[in-house]
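This report looks at how nonpolar residues are arranged in one protein chain, and at one residue beside them. The sequence and the model follow.

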Amino acid sequence: MGNYIAALAVVISLGALLYARRQAVYAGHQLRLAERVSKEANDPYVVVDIRPRAGGSGILVFVIENLGKTVARDVEFTIDPPIQGGESPNWDANIASAIGRRIPFLPPGRRLEWFFTFGGRFYQRTDLPRQYTVTVNAVGPTGAIEPMTYVIDLNAMEGMALDRETVVAKLDRIAKHAEAVSEKLGP
């Protein structure tokens, strides 16, 4: 009977050992996940995008923005194919210059913006690229952040109200009408 008890104790001990190992592995996974979540929460989050300048605006702008909570350093990115808004070679060259240089310091909430094109005219043309693959590299407080690669798909904005008249244009029309009325009424 003593041998059975000893054998049962060995089996129970082996089971407890396997269970403890399984829990240790699970705890290790949880620790790595918690460390990753903490690192990502404290890393800068730099995005490059092409979007409407403001609500109701038909102007599309090229934007570099740090949406994270910490400073991004040594920000570099590549875009393929080269950016083409189709308005002016000078405007495209300004964006290309921004793309080609390293940004040494981009604090949280900082937004850099360049004119890209007028939405209504852009979507009338079929010779311009509509999709751009972007890769962003930067350094955060804990070192290099994981490179982020994504696609800017301008086809997703087609059909939006980008070709409507802007508030500035409407105010200009109102001012012209006010001038005409003022001229007719005289001094």
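In this predicted model, the largest nonpolar core has 27 residues, and those with the most contacts inside it are Ile50, Phe62, Phe77, Ile79, Ile83, Phe116 and Leu154. Two or more residues of this core come from each of strands E1 (46-52), E2 (59-66), E3 (72-80), E4 (103-106) and E6 (131-140), and likewise from helices H2 (89-100) and H3 (119-124). In soluble globular proteins, nonpolar side chains tend to be buried together.

Leu154, one of the core residues with the most contacts, touches Ile50, Phe116, Phe122, Tyr123, Pro129, Arg130 and Tyr132, when residues up to four places away in sequence are left out. Arg130 in turn sits in the loop between H3 and E6, and, with the same kind of sequence neighbours left out, Arg130 touches Phe122, Tyr123, Arg125, Ile152, Asp153, Leu154, Asn155 and Glu158. A polar atom of the Arg130 side chain lies 3.0 Å from the backbone oxygen of Arg125.

Nonpolar residues also appear at the surface, where Val10, Leu14 and Leu17 make a nonpolar patch of about 290 Å². Leu17 belongs to helix H1 (residues 2-42).

The table sets out the accessibility of Arg130 and Leu17.

| Residue | Place | Relative accessible area | Class |
|---|---|---|---|
| Arg130 | loop between H3 and E6 | 16% | buried |
| Leu17 | helix H1 (residues 2-42) | 55% | exposed |

Arg130 counts as buried because its relative accessible area of 16% is under the 20% cut-off, whereas Leu17 counts as exposed because its value of 55% is over 50%.

Terms used. Residues are numbered from 1 along each chain as its sequence is written. This is a predicted model: local features need pLDDT of at least 70, side-chain atom pairs count only at pLDDT 80 or more; totals for chains, interfaces and linings use all residues. Side-chain values use heavy atoms; hydrogens and water are left out. Patches are made of residues with over 30% relative accessible area and no salt bridge: like charges are joined within 9 Å, nonpolar side chains (Val, Leu, Ile, Met, Phe, Trp, Tyr) within 5 Å. Accessible areas come from the Shrake-Rupley method with a 1.4 Å probe; for residues, only the protein chains shown count as cover. A salt bridge is a side-chain nitrogen of Lys or Arg within 4 Å of a carboxyl oxygen of Asp or Glu. Helices (H or I, at least four residues) and strands (E, at least two) are DSSP runs, numbered from the N terminus. Buried means under 20% relative accessible area, exposed over 50%, partly exposed in between (1.4 Å probe, protein chains only). A nonpolar core is a set of buried Ala, Val, Leu, Ile, Met, Phe, Trp, Tyr and Cys residues joined through side-chain atoms within 4.5 Å. Contact means heavy atoms within 4.5 Å. A polar contact is a pair of N or O atoms within 3.5 Å; within protein, one must be able to donate a hydrogen and the other to accept it, and residues adjacent in sequence count only if both atoms are side-chain atoms.
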